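Hi,

Here is the structure I promised to pass on. Have a look at it first, and then read on for what turned up.

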Amino acid sequence: MKFSYKHSVLIGLTILTLSACVTKKYDRPQVKNDGLYRDNNTTDTVTMADLPWKSLFSDTTLQSLIQQGINENLDLKQAIERIKISEAILQQSRLAFLPSLQGDVSVTDNKASAAAQNFPAGININLETQTYRAQLSTAWEADIWGKLSSAKRAAYATLLQSDAAKRAVQTQLIATIANSYYTLLAYDKQLAITEQTVKIRTQDVETMKALKEGAVVNGAAVVQSEANLYAAQVTLPDLRRSVKEAENALSVVLARAPGSINRTTLDQQTPYTNLQTGVSAQLLQNRPDVIAAEFGFRSAFENTNVAKTYFYPALTLTASGGLTSLQLSNFFDNSIFYSLVGGLTQPIFAKGANKARLKTAQANQQIAFYTFQQALLTGGQEVSNALYAYQTAAEKEETRAKQIASLTKAVDFTKELLRYSSATNYTDVLTSEQSLLTAQLSGINDRLQKLQSVVNLYRALGGGWK
């Protein structure tokens with residue numbers, strides 16, 4: 001029977017129809033993606049996630065460190081290698097549509113006895129021959145039920161998932177470098193304030209000794225001033241250790257041996273204030289881990305399609321051909337052979353393997369769906385937390401400035417009273433000095449919280465990879 005173009009089209013449409021009955025087309029599942037930001041009902045779709053990271057950070061030294069991290073960080077390099085693995089798997093799934101081709105060359109020794117060849121009795125003859133054979137064989141499976149197509153789509157989704165995962169690593173990397181940098185600057189500021197406090201308290205000790213000689217204070221005041229000095233001095237080693245550890249941690253992130261980090265100061269930092277979040281549904285296209293989670297679900301969905309096809313017959317075509325001869329000298333003369341076989345294999349009893357495969361694929365698909373939903377909820381939580389952290393830091397910063405100003409005056413007043421009158425004692429000076437140092441160190445933490453909350457909000461919204 002001769003096939004026409006119409007017959008070919010009809011067969012193709014029939015195959016597509018059969019395939020559609022087994023496998024399903026992917027549609028994004030229904031997930032909760034609105035109202036994920038607590039106490040934030042904005043409808044403005046402008047989001048700081050679209051801001052390039054160099055526009056978020058005005059400190060050029062920090063910009064340089066972030067660029068070094070993007071170029072050298074080992075976690076990011078591992079993510080890039082995972083993309084290469086996914087690309088290889090995708091290429092393999094594409095080649096699955098093509099027939100396989102194998103080549104085989106063999107030489108076979110054959111021996112036969114005289115009896116086997118019906119020679120006269122008493123004659124003992126051994127016959128030995130060699131068969132030379134060279135062949136090519138090929139096999140091709142028709143994608144009737146969409147197994148190969150679904151496998152290719154699963155591999156493509158995995159590739160996109162790997163790419164999104166790499167972007168997630170980059171957004172986290174930028175946040176880690178910026179937060180570590182700000183932490184280091186905060187340690188520097190705390191160390192500087194403490195060292196200045198030690199100098200002031202050293203002077204206080206000398207002042208108390210002079211006042212004791214003038215009978216203004218007693219020996220207890222001198223001892224208390226010395227204890228106050230030691231209380232500040234004892235914190236210096238831990239602060240210096242914290243600086244070193246912060247430098248070492250940031251060095252590792254930058255893929256270099258532990259060492260010093262070039263940096264500016266905390267006072268030079270200007271927090272980004274235009275904190276636009278957009279709407280929470282935008283996490284679906286802005287936040288890389290959410291994107292990766294959806295592609296993970298999509299891959300699992302296609303793997304379920306693949307598992308379904310194992311319940312249906314597979315159509316395969318195999319062919320082989322080549323040359324064979326008993327004599328190597330005439331190997332290419334009259335020695336051609338070939339075969340062509342078409343087969344339809346229907347699974348009947350596979351020891352439960354097909355059912356187990358399908359149940360496993362369906363369970364993995366459901367797990368991937370839950371992971372997708374969890375990623376969205378986590379994104380909403382992190383955005384909400386970062387916003388609230390920024391708001392509370394701003395509130396504390398304003399109040400803390402007033403507290404530090406008042407305590408500074410309190411220290412000055414109590415010292416003056418101690419010098420020139422008996423209206424106070426050194427305990428009052430000691431209390432006000434300790435309170436001032438605590439407030440100053442807390443003010444640094446407030447500043448650090450404000451800077452880091454901007455970074456965390458930017459990462460939570462999905463910024464840093466565009």
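Let me start with the inside: H11 is the top contributor to the lining of the largest cavity, giving 3 residues. Keep in mind throughout that this is a predicted model.

That cavity holds about 80 Å³ of space. It has 13 lining residues, and those closest to the centre are Leu56, Phe57, Tyr182, Thr270 and Tyr272. By class, the lining of the largest cavity splits into 9 nonpolar, 3 polar and 1 charged.

How many cavities of 30 Å³ or more are there? The count comes to 2. The second largest cavity has about 60 Å³ of space. Around it you'll find Asp204, Thr207, Met208, Leu211, Lys415, Leu418, Arg419, Tyr426 and Val429. H5, H10 and H11 are the elements that give two or more residues to this lining, and H5 gives the most, with 4 residues. The lining of the second largest cavity consists of 5 nonpolar, 1 polar and 3 charged residues.

H5, H10 and H11 come up again at an open site, the second largest pocket. In full, helix H5 (147-213), helix H10 (353-420) and helix H11 (426-461) each supply at least two residues of the lining there. The volume of this pocket is about 240 Å³. Its lining has 13 residues, with Thr197, Ile200, Val411, Leu436 and Gln440 nearest the centre. Which element gives the most to the lining of this pocket? It is H5, with 5 residues. The class split for the second largest pocket is 5 nonpolar, 4 polar and 4 charged.

Now the packing. The largest nonpolar core has 59 residues, and Phe57, Ile177 and Tyr182 touch the most other members. The elements that give two or more residues to this core are H2, helix H3 (60-72), H5, H7, H8, H9, H10 and H11. H5 gives the most here as well, with 11 residues. Two names should look familiar from above: Phe57 and Tyr182 are among the residues closest to the centre of the largest cavity, and they are also among the core members with the most contacts to other members.

On to the aromatics. The structure holds 6 aromatic pairs. One of them joins tryptophan 145 and tyrosine 312 in a tilted arrangement, 5.1 Å centre to centre with 35° between the planes. The partners come from distant parts of the chain, 167 residues apart: tryptophan 145 is in the loop between strand S2 (127-141) and H5, and tyrosine 312 is in the loop between helix H9 (288-309) and strand S3 (314-325). Are these two residues buried or exposed? Tryptophan 145 counts as buried because its relative accessible area is 15%, under the 20% cut-off. Tyrosine 312, at 35%, is partly exposed. Elsewhere, ring pairs link Tyr26, Phe297, Phe301, Phe369 and Tyr370 into a cluster.

Tyrosine 310 is worth pulling up on screen too. The charged end of lysine 147 sits over the ring of tyrosine 310, 4.7 Å from the ring centre. Arginine 357 also lies over the face of tyrosine 310, at 3.9 Å from the ring centre.

Finally, some backbone details. Which residues other than glycine have a positive phi? Among them is aspartate 39, with phi near 55°. You'll find aspartate 39 in the loop between helix H1 (5-22) and helix H2 (53-56). Aspartate 39 has a relative accessible area of 75%, so it counts as exposed. Another is alanine 255, where phi is about 60°. Alanine 255 lies in the loop between helix H7 (236-253) and helix H8 (283-286). With a relative accessible area of 34%, alanine 255 is partly exposed.

If you want a place to begin, try H5: it gives the most to the lining of the second largest pocket, to the lining of the second largest cavity and to the largest nonpolar core.

Cheers

Conventions
Residues numbered from 1 in each chain as written. Predicted model: local features only at pLDDT ≥ 70, side-chain atom pairs only at ≥ 80, totals over all residues. Heavy atoms only, no water. 1 Å grid on protein atoms, 1.4 Å probe; cavity = no way out; pocket = protein on both sides within 12 Å on 5 of 7 lines; lining within 4 Å. Points joined across faces, edges and corners; volume = space filled by probe spheres on them. Nonpolar A, V, L, I, M, F, W, Y, C, P; charged D, E, K, R; others polar. Phe/Tyr/Trp six-rings, centres within 6.5 Å; stacked < 30°, edge-to-face > 60°. Buried < 20%, exposed > 50% of the residue type's maximum accessible area, 1.4 Å probe, protein only. Lys NZ or Arg CZ within 6 Å of the ring centre and 35° of its normal. Core = buried A, V, L, I, M, F, W, Y, C linked by side-chain atoms within 4.5 Å.
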